[in-house]
Amino acid sequence: MEVIKINPSEYDISNSSDRRRLSRQLAPAIQALNKGVIVAFPTETVYGLGVLATDAAAVQRLRVLKGRPKSPFTVHISKPSEVRWYVKDVPVLARALIYKAWPGAVTILLPVDSEFPKRTLRDRDLFNRIAPDGIVGLRCPDDPIAQLLLGKPGKPILATSANYAGQKPATSGKEVIRELEEKVDVLIDAGPTRYKKASTIVSFCRDGYRIVREGVYDANAIAQLTSRRILFVCTGNTCRSPMAAALARKMLAEQIGCSEDELERFGQEILSAGVWAVSGSRASDYAFQAVAKFGGHLEKHHARKLTSSLINWADVIFCMCRRHIDEIIQKVPDAAGKTFLLDEGNDIEDPIGGNLQTYLQVAKRIERNLKKRVKENLL
């Protein structure tokens with residue numbers, strides 16, 4: 001076994017120079033993966049054993065080592081956005097979990113359409129190795145060494161815990177050497193793992209989930225992590241943000257397969273507010289008419305003034321203009337990381353004073369950008 005010793009405390013991964021140094025240290029392990037060997041690597045939970053999914057012989061070696069001739073292995077990815085390489089339609093509750101828990105100690109099982117994605121899984125044998133029975137397991141570790149390793153080969157990496165079947169997974173490099181020295185080709189030894197406990201496995205379908213295995217997170221934690229509180233913000237909360245909230249409610253209800261009134265039962269709460277709103281005001285007539293053309297409802301809307309409490313309540317905040325973001329960060333500086341422009345990089349200007357056609361154009365633009373945010377797992 002070739003051992004690559006790494007002291008994580010010597011690297012600041014946010015520093016580009018340190019990232020390059022660490023990448024150079026990991027180069028032998030990346031080369032080994034490309035040669036078809038088994039590499040043991042650290043995550044925040046337990047040590048993993050990884051091989052390239054494109055190498056059938058390497059995958060078979062891993063199956064023999066683990067004593068699992070048919071059981072699937074998990075695809076390990078370097079960042080959350082890579083879920084779209086494997087799954088086209090990520091269920092709403094899974095998107096919430098990905099947004100709040102990844103990178104992190106959760107393995108997610110998702111159904112895969114055999115016709116998608118053609119670019120990543122164009123080879124039928126590869127598809128069967130990655131997604132047997134049409135289900136793919138995905139894990140995005142919260143460990144900088146694992147993230148750099150997983151992102152380098154440019155090919156899917158299948159991994160499993162570092163242990164023989166029925167034995168306790170290794171939580172340190174020393175345990176990997178003691179248990180698997182004769183079976184593993186390369187070990188990245190970064191000392192003990194953070195949690196010393198396996199990831200939680202959650203299986204999703206269109207309208208729900210089940211916990212396959214509790215690990216770092218228990219059932220109560222998963223219930224919290226699959227919930228989502230979304231806040232849309234504009235100026236007066238009578239036009240843009242109410243339209244965005246109404247269209248988002250419609251979109252999420254359709255994806256879950258429930259009524260809009262049932263969204264909270266699935267942990268999805270959507271509100272809107274205005275920086276200068278007059279509380280209690282109704283949506284403008286044109287906003288009401290425009291959103292109705294797209295299937296949304298504003299009959300029950302009453303304007304709500306943006307407060308620090310609302311900002312803290314939200315998991316993610318979408319603003320119509322940059323000045324709204326400035327107002328939010330001024331009120332709650334820590335909200336910067338969860339606050340975005342709905343139309344990334346562009347303001348959606350206030351349609352007030354315009355005609356119905358103007359409002360319809362704004363509603364169409366909002367709907368288009370909501371769909372983009374779905375693909376980014378932000379909605």
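Is tyrosine 359 buried or exposed? Tyrosine 359 is buried, its relative accessible area being 3%; the points below, which concern a predicted model, begin from this residue.

1. Tyrosine 359 has a ring partner in tyrosine 286: the two ring centres lie 5.6 Å apart and the planes stand at 55 degrees, so the pair is classed as tilted. Since tyrosine 286 belongs to helix 9 (residues 285–293) and tyrosine 359 to helix 12 (residues 356–375), the pair ties together parts that are 73 residues apart in sequence. Unlike buried tyrosine 359, tyrosine 286 is partly exposed, with a relative accessible area of 34%.

2. The helices that carry these two tyrosines also pack against one another, for the axes of helix 9 and helix 12 come within 9 Å and cross at roughly 50 degrees. Helix 9 and helix 12 are therefore oblique to each other, and their crossing is right-handed. On the side of helix 9 the contact is made by Tyr286, Ala287, Gln289, Ala290 and Lys293, and on the side of helix 12 by Leu356, Tyr359, Leu360 and Ala363, so that both members of the ring pair appear in the contact list. By class, the residues in this contact of helix 9 with helix 12 divide into seven nonpolar, one polar and one charged.

3. A further helix pair deserves a comment. Helix 1 (residues 16–34) and helix 5 (residues 144–151) pack with their axes 9 Å apart, at an angle of about 55 degrees, which makes helix 1 oblique to helix 5. Helix 1 passes helix 5 in a right-handed crossing. Helix 1 contributes Arg19, Leu22, Ser23, Leu26, Ala29, Ile30 and Leu33 to the contact, while helix 5 contributes Ile145, Leu148 and Leu149. Eight nonpolar residues, one polar residue and one charged residue make up this contact of helix 1 with helix 5.

4. Returning to the aromatic side chains, the count comes to four aromatic pairs, taking ring centres within 6.5 Å as the criterion. In one of them, the rings of phenylalanine 204 and tyrosine 209 have their centres 5.7 Å apart and their planes at 45 degrees, so this pair, too, is tilted. Phenylalanine 204 is buried, with a relative accessible area of 5%, whereas tyrosine 209, at 31% relative accessibility, counts as partly exposed.

5. Ring pairs also link three phenylalanines into a cluster, namely Phe232, Phe318 and Phe340.

Terms used:
Residues numbered from 1 in each chain as written. Predicted model: local features only at pLDDT ≥ 70, side-chain atom pairs only at ≥ 80, totals over all residues. Heavy atoms only, no water. Axes fitted to C-alpha atoms, helices over the stretch in contact; angles between N-to-C directions. Helix = DSSP H or I, 4+ residues; strand = E, 2+ residues; numbered from the N terminus. Parallel < 35°, antiparallel > 145°, perpendicular 65-115°, else oblique. Left-handed = near helix turned anticlockwise from the far one by under 90°. Contact = heavy atoms within 4.5 Å. Nonpolar A, V, L, I, M, F, W, Y, C, P; charged D, E, K, R; others polar. Phe/Tyr/Trp six-rings, centres within 6.5 Å; stacked < 30°, edge-to-face > 60°. Buried < 20%, exposed > 50% of the residue type's maximum accessible area, 1.4 Å probe, protein only.
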